[in-house]
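I wanted notes on how the interior of this chain is put together, and on two single positions. The entries follow the order in which I looked things up.

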Amino acid sequence: AAVVTMTPKPSIASRLPVPIVTVSAVGSGIVLQWTLRPEDVHKCPVVHTYQLFSTAGCAPGQNPASSVWNQIGTVKALALPMQCTLTQFLAGRRYFLAIRAVDAHGNAGELSGECYVDLP
C-alpha cells in the first residue's frame with residue numbers, strides 16, 4: 001500500500017474537485033459514499049479515478065496514533081453519486097477515511113474531509 005502525505009500540489013489540487021464523503025458501518029464492512037458539489041461537476045477537469053485512503057485502525061473513541069494516510073484502492077469514476085463497500089477492516093476498531101479525485105494525466109486533487117466510522 002502506498003503511503004501518502006496530505007500536502008497536495010497547489011496548482012493541480014486547486015483545479016480538481018474535492019469529493020464530499022460520507023461513511024457508515026454496514027454488517028462487517030464500511031460503506032463509503034461520495035459526490036461532488038454541482039458547481040464543481042461542470043467547471044473542473046474531468047475526474048478519471050478516485051483514490052481511497054485510510055489510516056491505521058485505532059480503538060473506538062480514539063484518534064489514530066499517526067496522521068499517515070495509506071492508499072487502499074483506486075476506483076474508476078462513474079456517474080455520481082458513487083459508493084463502494086470495503087471489507088478489509090477489523091471489527092471493534094475506528095477507521096478514518098478520505099478520497100481524492102485524479103484526472104486522466106495522473107494529477108491528484110486535495111483529499112476530502114476525513115470521515116470516521118467505528119466498526120462494531
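The entries below cover the nonpolar cores, then a loop proline, then a strand asparagine.

Entry one, the cores. I worked from a predicted model. I looked up the largest nonpolar core and found 20 residues in it. Those with the most contacts inside this core are Ile30, Leu32, Trp34, Tyr50, Leu86 and Leu97. I then asked which elements give two or more residues to this core. They are β2 (20–26), β3 (29–35), β4 (49–54), β6 (82–86), β7 (94–102) and β8 (115–118). The largest share, 4 residues, comes from β7. I noted another core apart from this one, with 6 residues, including Phe53, Cys58, Phe96 and Ala98.

Entry two, Pro19. I placed Pro19 in the loop between α1 (10–13) and β2. Is Pro19 buried or exposed? Its relative accessibility is 4%, so I entered Pro19 as buried, the cut-off being under 20%. Leaving out residues up to four places away in sequence, I listed the contacts of Pro19 as Trp34, Thr35, Leu36, Tyr50, Ile99, Arg100, Ala101, Glu110 and Ser112. Trp34 and Tyr50 had already come up among the residues with the most contacts inside the largest core. I also looked up Pro19 against Gly109: they are 90 residues apart along the chain, and their C-alpha atoms are separated by 9.4 Å.

Entry three, Asn70. I found Asn70 in strand β5 (residues 69–76). The relative accessible area of Asn70 is 23%, so I wrote it down as partly exposed. From Asn70 to Leu97, 27 residues apart along the chain, the C-alpha separation is 9.4 Å.

Terms used: Residues are numbered from 1 along each chain as its sequence is written. This is a predicted model: local features need pLDDT of at least 70, side-chain atom pairs count only at pLDDT 80 or more; totals for chains, interfaces and linings use all residues. Side-chain values use heavy atoms; hydrogens and water are left out. A nonpolar core is a set of buried Ala, Val, Leu, Ile, Met, Phe, Trp, Tyr and Cys residues joined through side-chain atoms within 4.5 Å. Buried means under 20% relative accessible area, exposed over 50%, partly exposed in between (1.4 Å probe, protein chains only). Contact means heavy atoms within 4.5 Å.
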